[in-house]
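These are my notebook entries on a single chain, written down in the order in which I looked things up. I wanted to know how the strands pair, how the helices pack, and what a few single residues are doing.

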Amino acid sequence: MKILLAGATGVVGRRLIPLLVQAGHEVAGTTRRTERTGLLGDLGATPVVVDMLHGPAVRKAVAQVRPDIVIHQLTDLSEEDFAANSRLRIAGTRNLVDAAKAAGVETMIAQSIAWLYVPGDTAAVETDPLDSSLLPYEGVAALEEAVGEMPHGVVLRYGALYGPGTWYAPDGAIAERVRAGSLRPTPSWTSFVHADDAASAALAALDWPAGAVNIVDDEPATTADWLPVYSAALGAPTPGSAGRHAAATGRPVSNAKALGLGWKPQVASWRAGFAQMEAGVDGPVPSN
């Protein structure tokens, strides 16, 4: 098939292009930066330079590519600008969905997040409600609603991405905070997914039914569990306790639906992933 990958130079996009090409698909990848067209060509994609916040330009680009499927991996988090990322989720997704529908595209696969569920003690499944009080809700809800307008829309609710090129890489933003001692072990839940597994899920989703799917590894963990292991992998001091009476926040997330669809994380637990980092094992792509 001919696939338009929006956000092709991001952490997941750069991993996904070779997977799509190896599977026999023709890939056009978008970037807003002309200096990144060479990277896309090297990975096997035809570069498409377009600002996803400019509706007419997006419509023109999609019409020219004429894809069978659109994969939406757009983010704007390189500078930790959460407002910009929310704008991209809202306006960028709106532009992409409108352009895809105008071009007769029926299927869109889109990146969302798995840490927005209403808090609870049991592992969250896709039918559980999202928490509208959390800051990313507006952008995420707009993205998922827009993708739901497609004849066939698949939403991948990724866990916290880690691996080379992510905030959890040794040169990433989370690692900097750990070295600075600004993170503390708490009962706050995190469900991780290695960026390689996030990409493999997007490939698998080409054959999935419409709807949301949690893409997380097999071991949800509290910060009290994973932070000491992560700190050790970085060679950073073990962080001090957040206190005996800290309240639990967030919620573990289930990957049962994705497993039932045939996807399986190759890095089944963040423990193994952090151990690879400690051993100096790198992933297949450079960092942002």
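**Entry 1, a strand pair.** I looked up Gln-111 and found that this residue stands opposite Leu-156 in S6. The two strands concerned, S5 (residues 107–113) and S6 (residues 152–158), run parallel and are joined by seven bridges. I note here that I am reading a predicted model, and I take every value below as computed from it.

**Entry 2, the whole sheet.** I then asked in which order the strands of the open sheet are arranged. Reading across, I get S3-S2-S1-S4-S5-S6-S10, which is seven strands with parallel pairing. Strand S3 (46–49) and strand S10 (211–215) stand at the edges, and because each has a single partner strand, one side of each is left without a neighbour in the sheet. For the twist from one strand to the next I noted an average of 20°.

**Entry 3, S1 and S2.** I went on to the pairing of S1 with strand S2 (residues 26–31), which is in the parallel sense and extends over four bridges. I listed two of the positions: Ile-3 has Val-27 as its bridge partner in S2, and Leu-4 stands opposite Ala-28 in S2. As a reminder to myself, side chains in a regular strand alternate between the two faces of the sheet. Is S1 enclosed by the rest of the structure or left open? With four of its five residues (residues 2–6) buried, S1 is largely enclosed. For S2 I reached a matching description, since five of the six residues of S2 are buried and the strand is therefore largely enclosed by the rest of the structure.

**Entry 4, H1 on the sheet.** I next followed H1, which lies across S1, S2, strand S4 (69–72), S5 and S6 and runs at about 170° to S1. I wrote down the buried residues of this helix, which are Val-11, Val-12, Gly-13, Arg-14, Arg-15, Leu-16, Ile-17 and Leu-20; I marked Arg-14 and Arg-15 in that list, as they are arginines among the buried residues.

**Entry 5, H1 against H7.** How do the axes of H1 and H7 cross? The axes of helix H1 (residues 11–22) and helix H7 (residues 195–204) come within 8 Å and cross at roughly 50°, and the two helices are therefore oblique to each other. I recorded the crossing as right-handed. On the H1 side the contact is made by Val-11, Val-12, Arg-15, Leu-16, Leu-19 and Leu-20, and on the H7 side by Ala-195, Asp-196, Ala-198, Ala-199, Ser-200, Ala-202 and Leu-203. Sorted by class, the residues of this contact are 10 nonpolar, one polar and two charged.

**Entry 6, the end of H1.** Past H1 I checked Gly-24, which follows the helix and has a positive phi near 95°. Ala-23 lies in the loop between H1 and S2, and I entered this residue as partly exposed, because its relative accessible area is 45%. I also looked up the C-alpha separation of Ala-23 from Leu-203, which is 8.8 Å although the two residues are 180 places apart along the chain.

**Entry 7, H3 against H4.** The second helix pair I looked up is helix H3 (residues 55–65) with helix H4 (residues 82–102), which pack at an angle of about 40° with their axes 9 Å apart. That angle makes H3 oblique to H4, and the crossing of H3 past H4 is right-handed. Gly-55, Val-58, Arg-59 and Val-62 of H3 make the contact with Asn-95, Leu-96, Asp-98, Ala-99, Ala-100 and Ala-102 of H4. I sorted these contact residues into six nonpolar, two polar and two charged.

**Entry 8, two single residues.** Arg-66 lies in the loop between H3 and S4 and caught my attention through its phi near 55°, a positive value in a residue other than glycine. I entered Arg-66 as exposed, because its relative accessible area is 66%. Gly-139, found in helix H5 (residues 137–147), counts as buried because its relative accessibility is 0%. Leaving out residues up to four places away in sequence, Gly-139 touches Ser-86, Arg-89 and Ile-90, and its C-alpha atom is 8.1 Å from that of Asn-85, 54 residues apart along the chain.

Key
Residues are numbered from 1 along each chain as its sequence is written. This is a predicted model: local features need pLDDT of at least 70, side-chain atom pairs count only at pLDDT 80 or more; totals for chains, interfaces and linings use all residues. Side-chain values use heavy atoms; hydrogens and water are left out. Axes are lines fitted to C-alpha atoms, for helices over the stretch in contact, and angles run from 0 to 180 degrees between N-to-C directions. Angles under 35 degrees count as roughly parallel, over 145 as roughly antiparallel, 65 to 115 as roughly perpendicular and the rest as oblique. A crossing is left-handed if the near helix is turned anticlockwise from the far one by less than a right angle, and right-handed if clockwise. Contact means heavy atoms within 4.5 Å. Ala, Val, Leu, Ile, Met, Phe, Trp, Tyr, Cys and Pro count as nonpolar, Asp, Glu, Lys and Arg as charged, and the others, Gly among them, as polar. Buried means under 20% relative accessible area, exposed over 50%, partly exposed in between (1.4 Å probe, protein chains only). Two strands pair if DSSP finds at least two bridges between them.
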